[in-house]
Structure formats: structure tokens, C-alpha cells
Amino acid sequence: MLTRCAEIVGRLGQNGEVSREELVLLLENIGDDALLEELRKNAQQTAQAVFGNKIYIRGLIEISSVCKNDCYYCGIRRSNKNAVRYRLSREQILACCENGYALGFRTFVLQGGEDGYFTDEVLCGIVSEIRFRYPDCAITLSLGERSRESYRRLLEAGANRYLLRHETADERHYARLHPPELTLEHRKECLYALRELGYQTGAGFMVGSPYQTVGNLADDLLFIRELQPQMCGIGPFIPHHDTPFRDFAAGSLRMTLMLLSIIRLMNPRILLPATTALGTIAPKGRELGVLHGANVVMPNLSPMEHRKDYSLYDNKLCTGDEAAECIRCLSGRMKTIGYEIVTDRGDYK
Ligand code: SAH
């Protein structure tokens, strides 16, 4: 390991300022096993100092595969004529929560495409009913870009958290992943609005998305440091066969793990999921994620019959398992590496 890298790693963990150039240097040394292990060891220690051996779970409910957007990477983009579209009813969503609550979930994440059916009125009705039935649970939304007024109303209806990955913090790179009507500027506006309104906010990005450079990734890390979100979701890009990015390679396990460690070191208390995408590119991806500093997993609570249709990328995990089976499987996996799944809400502290 270069002494310069060792010195930067040391500073990362002590709340030290690191420059863009220094982050780029670390990322360029992705091939250095000793560097990766040093980052991993420090990141795991940092996560353990804050969270012990506890892993929080969030129950993911994929409420709609209908989307008005056309992101080039995403399998449910509107131009994908082969995508099967579904939308859960209010009753189906509430049934997922009921099932999840019985299984021990105390956070529900409602995620979906930007589906015009879910107006503020419809969505606030659903959120307030979940809030009424489960006063002890956190409600997280991950439904894309909405107006500030919409975010305000949803918060008032009982939502607490919002996940909106920034996807990439570089404007030119953003424009290569999205059609012109979607801009990084607006995405960021949404994130700042969410944080200001008082949501526990999650940003994040894909690793190894087409045209991404290490400079882009350094900018992602700096953006996280600037925004200071309570959560950060990262996972490898994985091609979907019915998108313009079908022929691009998936992001690498190694780079995703390195970034998890760096994010943990730069943001010791941040809620950092070992994502389904990470579990999809490697058989023990999520376990490795935890060993590199992640502290959250998000098992799927969506109804079985629709799992396969929320197809953001190819070969997504757990499309055939009951929620109970997903949680049993994950608990077992976490146990093998000395971690324990806990059911408390796991608010950012
Ligand atoms: N419509 C919502 C939810 C999007 S799905 C929104 O815009 O926020 C959640 C995340 O899945 C996205 O933010 C994106 O980072 C990720 N995703 C989409 N397509 C992907 C792909 N092909 N590979 C890996 N991750 C993908």
C-alpha cells in the first residue's frame, strides 16, 4: 500500500478533511488488496462502535411498476414495452404491512416508479392509514421526484423518511444516464427540500454505471459529505436486457465494497444498506457489504405474484421467496458472520 494512501485512510476515519484528489487516488488503487483490507477493517470497526453487531431491517414494498420516466438504466422505464406493469391497491399495501409487522418489521419502505395514479390524495390516504395502524413504525417513501408541497403533505400524513438516490453527482454524467427532462439540479432540489422539511433523507448512487469515472465517484462521496443524509443507498449498476444499457458490464463487487467502507469512514453514523443489487452480483454480496461497513438490509415484502415484475435489472434476488423466507434467509446469513438482525426502527441518532 502506498504510504500516501495509508495516510489518507487514517485521516478518513478521524473526521479529517480529504480532498477530491485524495479520494481519486484511493479509488484508483482499487487493485491494492492491502488498501482494501485496511479500509474494510477500519469501516467494520467504525460500524461496530456505533451499531454493535446489530443489523437493521427495512421491509420493502414495491407498490408500482408503472413509471412516467425513461431513465436509460432502469428496467421499468416507460419505453420498455416488455415490462409488465402492476400497481398495488391500498388493501394490498396494507396487507403487506400487516404481514411485515407480524414478521417483526418496524419500518416499511414504499417504493415504486413515478406512477401518476399515486396523487397526493391517494398516497396521503394510504400513508395516514399505515400511520394510524402502526404508530410505532417508521414509514419510508421512495417514489421519486415530487413537489415540495407534496413532500410536505406526505410528511404531515405520517411519513418519516424518504429515499431518493442522486444517482450521480456529476451533471454531465447525469445527462448520460437520463433523458433531458430529468436533471441533477432538480434531483438535488428535491433532496434539499426533503431534508429541510424534516425527513430522514437517503441519497445514494449506482456503482459502475455506464460512463462513470473515478472522478465521478469522488464527487458522489463529496456530495454525501455535503448533504449529510441520514442514509446512503449504493449498489452496483446491473444491466437490464430491455434497456439501452443492455450491453454494458455490471459494476464490480470490489468497487462497491470499497465505496461502502469509504462512506462508513467518512460518515460514521450513516445508515448504509447492503443492497439487493449487491446480493445479486455476488452470492455473499450482502454479507460482504456488512463486513465492509454496511448496517442495514431490506428484505422484500411485496406480494409474491408481482415480485418478478418490479424488474429494475436482470436476475434480481428473492423474486420467488415469501417475505418470511427472505427474512429467515437473511437472519441466517447475518448469523454466519456474527451479526444479528434487530427489529427496532433504527432511527438515525
Ligand atoms: N422511482 C424511484 C425509485 C427508483 S428504484 C426513484 O426514482 O427514486 C430505486 C433505485 O434502483 C434507483 O434509485 C436506482 O439507483 C436503482 N436502479 C435502477 N435501475 C438499476 C439498475 N439497472 N442497476 C442497478 N440499480 C438500479
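Ser209 makes contact with His173, Leu177 and Phe237, once residues up to four places away in sequence are set aside. This is a predicted model, and in it Ser209 sits in the loop that runs between strand 6 (200–207) and helix 9 (214–227). With a relative accessible area of just 3%, Ser209 falls under the 20% cut-off and therefore counts as buried. Tyr211 belongs to the loop between strand 6 and helix 9 as well, but its accessibility tells another story. Its relative accessibility is 38%, which lands between the 20% and 50% limits, so Tyr211 is classed as partly exposed. The backbone of Tyr211 also deserves a look: its phi is near 70 degrees, a positive value in a residue that is not glycine.

A positive phi turns up again at Asn315, where the angle is about 60 degrees although the residue is not a glycine. Asn315 is found in the loop between helix 13 (304–307) and helix 14 (323–336). Here the relative accessible area reaches 67%, and because anything over 50% counts as exposed, Asn315 gets that label.

Now for the ligand. Its surroundings comprise 17 residues, and the closest of them are Tyr73, Gly112, Arg165, Glu167 and Ile238. Sorted by class, this shell holds 10 nonpolar, 4 polar and 3 charged residues. Several polar atoms of the protein and the ligand pair up. On the backbone side, a polar atom of Tyr73 is 3.0 Å from a nitrogen atom of the ligand. Side chains join in too: an N or O atom in the side chain of Glu167 is 2.5 Å from a ligand oxygen atom, and a polar side-chain atom of Arg187 lies 3.2 Å from an oxygen atom of the ligand. On its own the ligand would expose 560 Å², and the protein buries 91% of that.

As for the interior, the largest nonpolar core counts 96 residues, with Phe108, Ile130 and Ile262 having the most contacts inside it. The top contributor to this core is helix 10 (residues 253–266), which supplies 9 residues. Taking Ile130 as a way in, its contacts beyond four places in sequence are Ile93, Leu94, Cys97, Phe108, Leu110 and Ile139. A separate core of 9 residues lies apart from the largest one, and its members include Met231, Leu271, Val296 and Val342.

Phe108 and Leu110 come up once more in the contacts of Thr140, which also touches Thr107, Val109, Arg161, Tyr162 and Leu163, again leaving aside neighbours within four places in sequence. Thr140 itself is part of strand 4 (residues 138–142). Its relative accessibility is 3%, so Thr140 is buried by the under-20% rule.

Leu155, finally, is placed in helix 6 (residues 148–157). Beyond four places in sequence, Leu155 touches Leu197 and Tyr199. Its relative accessibility of 24% is over the 20% limit for burial but short of the 50% needed for exposure, so Leu155 counts as partly exposed. Leu155 and Phe118 are 37 residues apart along the chain, and their C-alpha atoms are separated by 15 Å.

Key:
Residues numbered from 1 in each chain as written. Predicted model: local features only at pLDDT ≥ 70, side-chain atom pairs only at ≥ 80, totals over all residues. Heavy atoms only, no water. Near = heavy atom within 4 Å. Polar contact = N/O pair within 3.5 Å; in protein donor to acceptor, adjacent residues only side chain to side chain. Areas by Shrake-Rupley, 256 points an atom, 1.4 Å probe, with all protein chains shown as cover. Nonpolar A, V, L, I, M, F, W, Y, C, P; charged D, E, K, R; others polar. Helix = DSSP H or I, 4+ residues; strand = E, 2+ residues; numbered from the N terminus. Buried < 20%, exposed > 50% of the residue type's maximum accessible area, 1.4 Å probe, protein only. Contact = heavy atoms within 4.5 Å. Core = buried A, V, L, I, M, F, W, Y, C linked by side-chain atoms within 4.5 Å.
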